[in-house]
Amino acid sequence: MNTLTIGRPAADEYAEYYGRYISRVPDGDLLDLLRQQLTETVALLSTIPESRGDFAYAPDKWSIKKAIGHMSDVERVMLYRALTFARNDKTELPGFDENQWADAFNTDDRTLADLIDASALLWRIDLAG
């Protein structure tokens, strides 16, 4: 398999908002880092008892299940955006209202284990190339 090594993007290659995220990415092979984080994230989330899935630290804050659903939604949006860039599609990318999406996800009707499994599957597919 051929690999392509690219450096960290220059500050003028992304919106300022994303700089705080980009600066936190450690140096190294990005796909290896993502695979490692997938393993660590699934392991961590799997330690949460099902009885805590609906826990939110304050009123009007997302539950653990809703936060996991949000991570899955963001992965889907970012995957679409990456595909758009890869295909050199000049279509303006739509935004999304994370609160509206989180409410529509119906995480309250799903188990914590199901959300973790579904998210892990999505993340594995993303990393498979």
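Asn-88 is found in the loop that runs between helix H3 and helix H4, the latter spanning 98-104. In this predicted model, the phi angle of Asn-88 is near 55°, which is a positive value in a residue other than glycine. Asn-88 has a relative accessible area of 53%, and because the cut-off for exposed is over 50%, Asn-88 counts as exposed. A second residue of this kind is Asp-60, which is not a glycine either and yet has a positive phi of about 65°. Asp-60 belongs to the loop between H2 and helix H3 (64-86), and with a relative accessible area of 82% it is exposed.

The loop between H2 and H3 also holds Asp-54, a residue that is worth following with some care. At 49% relative accessibility, Asp-54 is classed as partly exposed. If neighbours within four places in sequence are set aside, the contacts of Asp-54 are with Ser-63, Lys-65 and Asp-108. With Lys-65, Asp-54 forms a salt bridge in which the closest N and O atoms are 3.1 Å apart. This pair links distant parts of the chain, since Asp-54 lies in the loop between H2 and H3 while Lys-65 lies in helix H3, 11 residues apart. The partner, Lys-65, is buried, with a relative accessible area of 5%. When residues up to four places away in sequence are not counted, Lys-65 touches Gly-53, Asp-54, Thr-107, Asp-108, Arg-110, Thr-111, Leu-112 and Leu-115. Asp-54 can also be placed relative to Lys-66, from which it is 12 residues apart in sequence and 8.1 Å apart in space, taken from C-alpha to C-alpha.

How many salt bridges does the structure hold by this count? There are five salt bridges, and the one between Asp-54 and Lys-65 can be set beside two others. In one of these, Asp-103 forms a salt bridge with Lys-66, and the closest N and O atoms are 3.0 Å apart. Asp-103 lies in helix H4 and Lys-66 in helix H3, so this pair ties together parts that are 37 residues apart in sequence. Asp-103 counts as exposed at 53% relative accessibility, whereas Lys-66 counts as buried at 17%. In the other, Asp-27 is joined to Arg-8 by a salt bridge whose closest N and O atoms are 3.0 Å apart. Here Asp-27 lies in the loop between helix H1 (19-22) and H2, and Arg-8 in the segment before H1, so the pair ties together parts that are 19 residues apart in sequence. Asp-27 is exposed, with a relative accessible area of 69%, and Arg-8 is partly exposed, with a relative accessible area of 43%.

From charged pairs we can turn to the aromatic rings. A pair of aromatic rings is described by the distance of the centres and the angle of the planes. The structure holds three aromatic pairs. One of them is formed by Tyr-17 and Tyr-18, whose ring centres are 5.1 Å apart and whose planes stand at 90°, so the pair is edge-to-face. Tyr-17 counts as partly exposed at 48% relative accessibility, and Tyr-18 likewise counts as partly exposed at 31%. Another pair is made by Phe-96 and Trp-101, and this pair is tilted, with 4.7 Å from centre to centre and 45° between the planes. Phe-96 is partly exposed, with a relative accessible area of 23%, and Trp-101 is partly exposed too, with a relative accessible area of 34%. Ring pairs also link Tyr-17, Tyr-18 and Tyr-21 into a cluster. A ring can have a charge as its partner as well: the charged end of Arg-52 sits over the ring of Phe-55, 4.2 Å from the centre of that ring.

The last stop is the interior. In soluble globular proteins, nonpolar side chains tend to be buried together. In this model, the largest nonpolar core has nine residues, namely Leu-38, Val-42, Leu-45, Ile-68, Phe-105, Leu-112, Leu-115, Ile-116 and Ala-120. Helix H2 (30-45) and helix H5 (112-128) each supply at least two residues of this core, and H5 gives the most, with four residues. Two members of this core, Leu-112 and Leu-115, are among the residues that the buried Lys-65 touches.

Definitions and conventions
Residues numbered from 1 in each chain as written. Predicted model: local features only at pLDDT ≥ 70, side-chain atom pairs only at ≥ 80, totals over all residues. Heavy atoms only, no water. Core = buried A, V, L, I, M, F, W, Y, C linked by side-chain atoms within 4.5 Å. Buried < 20%, exposed > 50% of the residue type's maximum accessible area, 1.4 Å probe, protein only. Phe/Tyr/Trp six-rings, centres within 6.5 Å; stacked < 30°, edge-to-face > 60°. Lys NZ or Arg CZ within 6 Å of the ring centre and 35° of its normal. Contact = heavy atoms within 4.5 Å. Salt bridge = Lys/Arg side-chain N within 4 Å of Asp/Glu carboxyl O.
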